[in-house]
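Here is a set of exercises to work through with the model open beside you. Try each task on your own before you read the solution.

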Amino acid sequence: QVQLVESGGGLVQPGGSLRLSCQTSGVVFSTYSMGWYRQAPGKQRKLIARIFTSGNTYYTDSVKDRFSITRDNAEKTVWLQISSLKPEDTAVYYCNSGSSLWSWGQGTQVTVSS
């Protein structure tokens, strides 16, 4: 059974940074692309960053140049470095495979507010 455990969120002022982590288990991690998603209040969950098994990355336009996704196959972990945060980045952040194959974890709340 695949388990996804996100952590690292919190309350941060505009312009601040956070590093989100996603620890996985029950999956052959190295064979999957991984993604970070977010769900803002009243909105649908959306893919914002993806890292392929090759190490290539994809970012949605709204986070490009501010967010960075990385992975460690040995640790079965994917990270999202989020910087230059804006109030509109406030959301619950989730990880999953790049095509959201698995049941969702609890997510980690990121709140950007002064």
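**Exercise 1. Describe how strand 1 pairs with strand 3 and which way the side chains of strand 1 point.**

Solution. Step 1: strand 1 and strand 3 run antiparallel and are joined by 5 bridges. Strands here are DSSP runs of E with at least two residues, numbered from the N terminus, and two strands pair if DSSP finds at least two bridges between them.

Step 2: within this pair, Ser7 faces Ser21 of strand 3.

Step 3: the side chains of strand 1 alternate. Leu4 and Glu6 point to one face and are buried, while Gln3, Val5 and Ser7 point to the other and are not. Buried means under 20% relative accessible area, exposed means over 50%, and partly exposed lies in between (1.4 Å probe, protein chains only).

A word on the source: this is a predicted model, in which local features need pLDDT of at least 70 and side-chain atom pairs count only at pLDDT 80 or more, while totals for chains, interfaces and linings use all residues. Residues are numbered from 1 along each chain as its sequence is written, and side-chain values use heavy atoms, with hydrogens and water left out.

**Exercise 2. Place strand 1 in its sheet and find the edges.**

Solution. Step 1: the open sheet has 4 strands in the order 1-3-8-7, with antiparallel pairing.

Step 2: strand 1 (3-7) and strand 7 are the edge strands, each pairing on one side only.

Step 3: on average, neighbouring strands of this sheet are turned by 15° against each other, direction ignored. The strand axes are lines fitted to C-alpha atoms, and angles run from 0 to 180 degrees between N-to-C directions.

Step 4: at the other end of the order, strand 7 pairs with strand 8 in the antiparallel sense over 6 bridges, and Phe67 stands opposite Ile82 in strand 8.

**Exercise 3. Trace the hairpins that involve strand 5.**

Solution. Step 1: strand 4 and strand 5 are antiparallel partners over 5 bridges, with Arg38 opposite Lys46. Their hairpin leaves 6 residues between the strands, and Gly42 in the turn has a positive phi of about 75°.

Step 2: strand 5 also runs antiparallel to strand 6 (residues 57-59), to which 3 bridges join it. Here Ile51 stands opposite Thr57. This hairpin has 5 residues between its strands, and the turn residue Gly55 has a positive phi of about 100°.

**Exercise 4. Which residues other than glycine have a positive phi, and where do they lie?**

Solution. Step 1: one of them is Lys76, with phi near 55°. Lys76 lies in the loop between strand 7 and strand 8 and is partly exposed, with a relative accessible area of 34%.

Step 2: Ser84 also has a positive phi, of about 50°. Ser84 sits in the loop between strand 8 and strand 9 and counts as partly exposed at 41% relative accessibility.

**Exercise 5. Find the centre of the contact network in the largest nonpolar core.**

Solution. Step 1: a nonpolar core is a set of buried Ala, Val, Leu, Ile, Met, Phe, Trp, Tyr and Cys residues joined through side-chain atoms within 4.5 Å. The largest one holds 27 residues, of which Trp36, Val78, Leu80 and Tyr93 touch the most other members.

Step 2: the elements that give two or more residues to this core include strand 3 (18-25), strand 4 (34-39), strand 8 (77-82) and strand 9 (91-97).

Step 3: take Tyr93 and leave aside its neighbours within four places in sequence. Among its contacts (heavy atoms within 4.5 Å) are Glu6, Leu20, Trp36, Phe67, Leu80 and Val110.

**Exercise 6. Characterise the chain as a whole.**

Solution. Step 1: the chain has 0 helices and 10 strands; a helix would be a DSSP run of H or I with at least four residues.

Step 2: the radius of gyration is 13 Å, close to the 13 Å that the globule rule gives for 114 residues, so the chain is as compact as a globular protein of that length. This radius is taken over C-alpha atoms, and the rule is 2.2 Å times the number of residues to the power 0.38.

Step 3: of the 114 residues, 43% count as buried.

Step 4: for a distance check, Pro14 and Ser54 are 40 residues apart in sequence and 33 Å apart in space, C-alpha to C-alpha.
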